[in-house]
Every structure is written in structure tokens, then in C-alpha cells.
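Student: I have a structure open on my screen and would like to talk through it. Could you help me find my way around?

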Amino acid sequence: EKKITLLLFALISVLASAQTINVKGVVKEATTGETLPGVSVVIKGTTIGTETDFDGMYVLSNVKNGAILVFNYLGMKAKEVVVNSSEINVSLEEAAESLAEIVVVGYGSQRKELVSGAFSSLTSEKITESNPTRIEEALTGSAAGVQVTANSGSPGASLNIRIRGITTNGDNSPLVIVDGVNIGSDLSIIDPNDIEKMDIIKDASSAIYGVQAANGVILITTKSGKKNRKTSFSYNSYFSIQEASNKLDLMNATEYAVYVNETEVADGNSLPYPSLNTYGVGTDWQNELFTTSPISSHTFSANGGSDKVTYGVSASYFDQEG
């Protein structure tokens, strides 16, 4: 009887161990292939689970065959996987719709639906959509209630930004804050490719900045590294040609001479240009003045971070002739 009992106990132990396995694997981001630290891995329906380490690896012991593992990570779509092997590698996709849109305000940031003031926001994708040479150009037609006008027709010239129209304090320019620092009204020092987000506050929400914000506030958040991310490099370059898009249809030298002759004859005067065959086409001074000129831009950036520090650095070169 003792032998039978011992054999039965051993058989039960073998069957129990055959129904559970140790599961391990790596969790990565689907788009970049980078490992994700801190991903929650939980057996569905239980409180048993773990988190991925710095290298995105996880280990779970004594997991039943057929159990469901639930992978959760902030900003990613949750994923459920049925346990059918001892190694399960998972790729998580970004869930942009699950992230509440954030609006930067003077005293920090809030979710968009909690901000009652009048504001407009531009993302980095919207800003770089048209490859603006200056930040002001990105605001043209993109932010309701914001007027952008040119100071002159010179290439690269600064633009006037009006958020609340023309005021009586002598200066109509809005206050510009970049990562919490007042940089004045000169936006040429900021590369559009370095901007993560731009919020334009138009009403009393900007009162925290005092009288400086009487003309509205432009809050710029620049791109920076993220925690526990490997160093990533980015290079953006473009080359284009600029030219006058709407030229006047002018008369050549002979046509102008004919026109002047006709007006003088109508007034009863003699012909100022009797020899029309000698003038030819002449010089088109409009074409001489408006020539085609190149624009080139090069931007290089690197960012990343560890669990304690984040970093980001960028350099840009922009050349606009004309």
C-alpha cells in the first residue's frame, strides 16, 4: 500500500508540473523595435504578474498552459497572449487615441478638455508639414484668431504676429516662452524641427504672466529625450528653389513705344518714337530683379535617456539666398 501511495503521489506531481511552465520573453515597440522597460505582465484574472526589466525582458514561473498573459504599457495598446510555449516575445503598438491631449499653460499642463480658455495648439507634425523657414510661417492659417503679416518682401524677413489685434501699450507682439524661458519676440533662434508642440493662449489664461501677456502668449515645448530610451539620431535635410510666383505682364520696348506714340497722337503731339523697328524687345527689368534663389536646410539631433536623466541635442544649418 505504501508503494502504491508513493507511486500515485509521484504521478500527481508529474501531471501538475506538466500543466505549468516557466514563461520568459522580450517586449518591444512595434514601430522602432526598441525594448520597453517597465511593461506590466499579468496573468489574466489573477494578481500574479511581473514587469519587464531595463532590457525589456520578463520571467514568470508556474504559469498554466492555456493561461492568458496581459501586457500593458502607458501609451501602448494592451495585448493578450495565450500561453502555449515557454518563450513568448511581444511587440506593442502605439495607442495615440488613448492619450489625453495635453495643453501647456503658465502653471504647468492640463488635459485639453479641462482648459476653459481660448487657445490653439500645433503639433510637431503640423509645424513641419510645409517646411517653414521661420516658426511664424507655421502659424499662418493654422491657428484661429492669429494674424501673421510680413514686415517686408525680403527673403527670411521677420513676420508680425498679432493674437489680440493692435493694442495701446506700444508693443503688439505676443510673449514667447520656450520651455519656461522668456526669449523675447525673436523667433528666428528656434529651429522649427526642434519644436514638439506650440500652444497659443489668447485670453485670461495667460494672466499669470502679467502685463507682458497683454498681447497673448506663445508657449513652445521643444523636443527632448525620454527616460529609459536608447540614443536615437535624426537627420532632416531639404533643398528647394524660390522664385516670384505672380509677375506682372509687362510690355516690351517696341510695344511701349507704340503705346506712347498712340497717346501722344491722341493729344495732338508729334511721335516721340518714330523709328519703331530700332527698339526690339529691350530689357525685362522685372526678370532681372526677381531671380531664382536656392534654400537649403540641414538639421541633426540626438536624444535619449536613462532612468535618472534625459538628454537631447540638436544642430541646424539654414541658408536662404535672395
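**Cores, a surface patch and a hairpin**

Tutor: Happily! Keep in mind that this is a predicted model.

Student: How many residues does the largest nonpolar core have?

Tutor: Let's start with what feeds it: α3 (135–139), β12 (159–162), β13 (175–178), β15 (195–201) and β16 (217–222) each supply at least two residues of this core. I135, L139, I161, M198, I200, I218 and I220 have the most contacts inside it. The residue total for this largest core is 19.

Student: Which residues of β13 are in contact with I218?

Tutor: We leave aside neighbours within four places in sequence; the contacts of I218 then include L139, I161, M198 and I200. β13 covers 175–178. From that strand, the contacts of I218 are L175, V176 and I177.

Student: How many residues are in the other core, the one with V23 and I43?

Tutor: That core lies apart from the largest one. V81 and V83 are also among its members. Its count is 18.

Student: Is F233 buried or exposed?

Tutor: F233 lies in strand β17 (residues 229–242). Together with Y235 and F300, F233 makes a nonpolar surface patch of about 380 Å². Its relative accessible area is 59%, and the cut-off is over 50%, so F233 counts as exposed.

Student: Which residue takes a positive phi in the hairpin of β5 and β6?

Tutor: Strands β5 (residues 68–72) and β6 (residues 79–82) run antiparallel, joined by 4 bridges, and V70 stands opposite E80. Between the strands there are 6 residues. The one with a positive phi, near 85 degrees, is G75.

Notes
Residues are numbered from 1 along each chain as its sequence is written. This is a predicted model: local features need pLDDT of at least 70, side-chain atom pairs count only at pLDDT 80 or more; totals for chains, interfaces and linings use all residues. Side-chain values use heavy atoms; hydrogens and water are left out. A nonpolar core is a set of buried Ala, Val, Leu, Ile, Met, Phe, Trp, Tyr and Cys residues joined through side-chain atoms within 4.5 Å. Buried means under 20% relative accessible area, exposed over 50%, partly exposed in between (1.4 Å probe, protein chains only). Contact means heavy atoms within 4.5 Å. Patches are made of residues with over 30% relative accessible area and no salt bridge: like charges are joined within 9 Å, nonpolar side chains (Val, Leu, Ile, Met, Phe, Trp, Tyr) within 5 Å. Accessible areas come from the Shrake-Rupley method with a 1.4 Å probe; for residues, only the protein chains shown count as cover. A salt bridge is a side-chain nitrogen of Lys or Arg within 4 Å of a carboxyl oxygen of Asp or Glu. Two strands pair if DSSP finds at least two bridges between them.
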